[in-house]
Amino acid sequence: MQEVFNFNAGPSALPKSVLEKAQAELTNFNGTGMSVMELSHRSKDFEAVHEEAIALLKELLAIPDSYKVLFLQGGASLQFAMVPLQFLKPGKIGNYLLTGSWSEKALKEGKLLGDTAVGASTKETQYRSIPALDAITYNENDAYVHLTSNNTIFGTQWKEFPTVTHAPLIADMSSDILSRKIEIEKFGMIYAGAQKNLGPAGVTIVIIREDLLEEEVDHVPTLLRYRTHSEANSLYHTPPTFSIYMLNQVLQWVKDQGGIEAIERRNEEKAKLIYDAIDESDGFYRGHAEKDSRSLMNITFNLPSEEENKRFLAKAKELGFVGLNGHRSVGGCRASTYNAVPLEACVALSDYMKSYRR
Ligand SMILES: Cc1ncc(COP(=O)(O)O)c(C=O)c1O
């Protein structure tokens, strides 16, 4: 089989060693004689996996004890609705910082459920940048301030987060969680679908400050309350057991790599290879993001014409590069360099970009 360089935007590359371990124990997990998928979610064997995943996430991200880690379903998209359902009460404002399509989608759900405001937006400049921190507008009665830490489609990323004290700061970190050090205390809540840096699709991580679990939620359906999941340690109903098992393996892999600091350094090195190929191309490759807003996870660029984009992508496909097409809504090219994408794949892409230009 030809070697494949997987640059998919999500679901995306998983560490090979994790896949091999999962394969090796697929039909006999931990001497049970069964697959982990066949275990009761209330069994001791699964409980150990579940608890280990929570503990590892807390350790790797240095999550303080005043926060709860929840494993939910419904993807990050359900969080777009669960957040306002929970926190957007009459007289309050859901304040959204718009930096791309996913923050627009979060705002859309907020609007269905209450009053909203746009505290900042870079839409007018095609979401090429992240708003300046001092350009954000806040309101006295903000229920929360919502942002998307990394913009998967446009290829931009918040480098520094605003300090918000009058309301909880809530972040969708679906496409950059676990890729860099984060000061968790800046946030009231963080959520992320797993299928980029955390594991396969199916589980959504929520990290929520305990005081936010006290919110009055009598009007919210039981399954859509954070408190329900917190009180039941994410076992109120059957969780996606295989996804949690894979998450646990991926977290162990991150730890074995040297933790977040080591992963972050490697991510910087990987992204630099590709950004350098863009910057040294005399304008042949044009990055979409402004330099100070560039994402280390999703690198978006265009060639001089649509024809050239197509030719570049077709040739890349022949060479074994997968997932380099830009999102269907914006076109162009995009390389997603998540944690599990090896350095060698980025070296190969950078070399290909240079040789294609020549
Ligand atoms: C930043 C961001 N938020 C939300 C989503 C939607 O996630 P899900 O498909 O898990 O609902 C995505 C998916 O790519 C994303 O990149």
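## A loop early in the chain

Pro11 lies in the loop that connects strand S1 (5-6) to helix H1 (16-24). The structure described here is a predicted model. The peptide bond leading from Gly10 into Pro11 is cis, and its omega angle is near -5 degrees.

A further backbone feature occurs at Asn30, a residue placed in the loop between H1 and helix H2 (44-61). Asn30 is not a glycine, yet its phi angle is positive, at about 55 degrees.

## The chain as a whole

The protein chain contains nine helices and 14 strands. Its radius of gyration is 21 Å, close to the 21 Å that the globule rule gives for 358 residues, so the chain is as compact as a globular protein of that length. The C-alpha trace of the protein chain spans about 65 × 55 × 30 Å along its principal axes.

## The surroundings of the ligand

The ligand occupies the space of the second largest pocket. Around the ligand there are 13 residues, and the closest are Ser77, Thr152, Asp172, Gln195 and Lys196. Sorted by class, this shell consists of three nonpolar, eight polar and two charged residues.

Which helix gives the most residues to the shell around the ligand? The answer is helix H3, which covers residues 75-87 and supplies four residues to the shell.

## Polar contacts with the ligand

Both backbone and side-chain atoms of the protein take part in polar contacts with ligand oxygen atoms. From the backbone, an N or O atom of Ala76 lies 3.1 Å from an oxygen atom of the ligand. From the side chains, an N or O atom of Thr152 is 2.5 Å from a ligand oxygen atom. The side chain of Lys196 likewise places a polar atom 2.8 Å from an oxygen atom of the ligand.

How much of the area that the ligand exposes when taken alone does the protein bury? Taken alone, the ligand exposes 400 Å², and the protein buries 85% of that area.

Notes:
Residues numbered from 1 in each chain as written. Predicted model: local features only at pLDDT ≥ 70, side-chain atom pairs only at ≥ 80, totals over all residues. Heavy atoms only, no water. Near = heavy atom within 4 Å. Polar contact = N/O pair within 3.5 Å; in protein donor to acceptor, adjacent residues only side chain to side chain. Areas by Shrake-Rupley, 256 points an atom, 1.4 Å probe, with all protein chains shown as cover. 1 Å grid on protein atoms, 1.4 Å probe; cavity = no way out; pocket = protein on both sides within 12 Å on 5 of 7 lines; lining within 4 Å. Sits in = over half its atoms within 2 Å of the grid points. Helix = DSSP H or I, 4+ residues; strand = E, 2+ residues; numbered from the N terminus. Nonpolar A, V, L, I, M, F, W, Y, C, P; charged D, E, K, R; others polar. Rg over C-alpha atoms; globule rule 2.2 N^0.38 Å.
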